[in-house]
Amino acid sequence: MRSFIQVDPSSHFPIQNLPYGVFKTSNEGDPRIGVAIGDYILDLSVLEAEGFFRRAGFKEEAVFNQPSLNRFMSLGKQNWTLVREEIQRLLHEDEPELRDHTELREKAIIPMKTASLLLPAQIGDYTDFYASKEHATNVGTMFRGKENALMPNWTSLPVGYHGRASSVVVSGTDVRRPRGQMKPPGADAPVFGPTRQLDLELEMGWFIGPGNEQGKPVAMKDAEDQIFGLVLVNDWSARDIQAWEYQPLGPFLAKSFATSVSPWVIPLEALEPFRKEGPIQDPEPLPYLQKTGAQSFDIKLEVYMKSREMEQRQRIMSTNFSYLYWSMAQQISHHTVAGCNLRSGDLLASGTISGPEKVQRGSMLELTWRGADPVELESGEERQWIEDGDEITITGWCQGDGYRIGFGEVTGRIVPALVEADMKG
């Protein structure tokens with residue numbers, strides 16, 4: 001399948017992908033919904049106004065002239081498929097309806113470089129899981145020793161915690177170094193100040209579509225129908241603040257200051273050719289969590305760092321989504337099994353994605369082994385943790401035969417913590 005819009009084979013956004021996002025242009029202030037195709041955005045609000053989706057059988061009105069994807073996400077898998085098929089039809093190289101309509105094409109197809117990409121959803125709730133066995137083992141080994149690396153419950157259920165939705169930001173947003181309480185090794189009392197152990201977490205997230213009623217769990221067989229699409233996630237973490245605060249209730253200020261997500265939401269349907277089995281689960285999960293069929297995906301993931309001294313960014317991590325022990329469906333099913341209701345636009349994230357090799361460790365905590373083995377940068381600098389001015393970029397893609405299904409990037413630059421005068425206003 002090819003589009004009449006020229007797309008480089010290395011592009012993340014061929015006609016096989018068509019991720020959804022929210023954008024606005026410099027000369028028009030209203031946010032609206034589009035899909036990425038190569039270096040362009042196809043404005044779905046224009047196609048909707050021209051009646052294309054209605055003629056294709058899509059019965060909803062005013063869905064794409066919206067500042068978020070929430071309403072479209074709530075309409076469910078059948079409607080998502082209908083819209084996707086109509087977009088692919090209109091963009092196909094052999095279809096003249098949009099290709100040969102100069103006026104419509106100029107109105108509907110916008111160079112991506114002229115647009116601002118916004119947060120794709122109004123996120124009501126955000127849940128972060130701990131689904132990578134390699135990550136959990138590495139962290140547990142550091143803090144409890146190899147014999148007690150995994151907590152007794154870890155292989156029985158997907159561990160997670162409720163994060164802070166209000167501080168989820170779109171790629172390109174600067175992240176201010178947080179301040180908080182820490183208790184340095186050997187200190188008799190906690191101190192207050194900027195975190196000294198700022199970390200990244202390489203994760204992926206997925207947005208919930210229709211959701212479920214309170215008290216009615218989502219069964220494993222229906223769980224993937226709840227997934228509208230996936231994004232890249234950087235769950236920034238202040239490790240020294242976390243170490244002091246997390247017992248007994250888990251992360252709080254150490255993670256609530258910012259979480260960065262990529263702007264383009266990749267439909268689950270676009271990932272179908274890249275399905276694969278995840279890790280073998282031992283012991284076998286309880287019946288409500290048992291899988292049928294392949295529930296993971298071959299998604300290559302990379303992390304880059306660029307300091308103030310560097311002209312080019314440097315790759316520091318490379319792993320794969322398929323290392324996750326607990327699948328997205330299992331995480332959704334477990335999330336709802338007690339009766340919790342998920343809602344359209346809710347964001348669920350995987351937790352740090354790590355693999356068995358050192359370069360596959362998805363956080364600085366693991367990569368530098370809590371600072372003992374610093375990362376050497378090409379500029380001659382070393383990094384135990386992330387410093388002010390450092391820019392972190394996460395990217396990912398599935399490699400097809402002559403095309404890629406990519407996720408774009410999620411990027412964030414660290415700016416200094418507020419000083420006392422700023423905090424007093």
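This is a short conversation about how features of a predicted model get their labels.

Colleague: What are the ground rules here?

Modeller: The model is predicted, so local features need pLDDT of at least 70, side-chain atom pairs count only at pLDDT 80 or more, and totals for chains, interfaces and linings use all residues. Residues are numbered from 1 along each chain as its sequence is written, and side-chain values use heavy atoms, with hydrogens and water left out.

Colleague: Why is Gln 226 called buried?

Modeller: Buried means under 20% relative accessible area, exposed means over 50%, and partly exposed is in between, with a 1.4 Å probe and protein chains only. Gln 226 has 9% relative accessibility, so Gln 226 counts as buried.

Colleague: Where does Gln 226 lie?

Modeller: In the loop between helix H8 (220-223) and strand S14 (227-234). Helices (H or I, at least four residues) and strands (E, at least two) are DSSP runs, numbered from the N terminus.

Colleague: What is Gln 226 in contact with, leaving aside its neighbours within four places in sequence?

Modeller: Contact means heavy atoms within 4.5 Å. The partners include Trp 80, Phe 207 and Ile 332.

Colleague: What makes strand S1 largely enclosed?

Modeller: Five of the six residues in S1 (residues 20-25) are buried, so the rest of the structure largely encloses this strand.

Colleague: How do you know that S1 and S5 pair?

Modeller: Two strands pair if DSSP finds at least two bridges between them. Four bridges join S1 to S5 (residues 115-118), and the two run antiparallel. In S5, Ser 116 is the bridge partner of Lys 24.

Colleague: Why is the pair of Tyr 20 and Phe 228 called tilted?

Modeller: Rings of Phe, Tyr and Trp (its six-membered ring) pair if their centres lie within 6.5 Å; planes under 30 degrees apart count as stacked, over 60 as edge-to-face and the rest as tilted. Here the centres are 5.5 Å apart and the planes meet at 40°, so the label is tilted.

Colleague: What does that pair tie together?

Modeller: Tyr 20 is in S1 and Phe 228 in S14, so the pair ties together parts 208 residues apart in sequence. Tyr 20 counts as buried, at 3% relative accessibility. Phe 228 counts as buried too, at 3%.

Colleague: Why are Phe 274 and Tyr 403 called edge-to-face?

Modeller: Their ring centres are 6.3 Å apart and their planes are at 65°, so the pair is edge-to-face. Both Phe 274 and Tyr 403 are buried.
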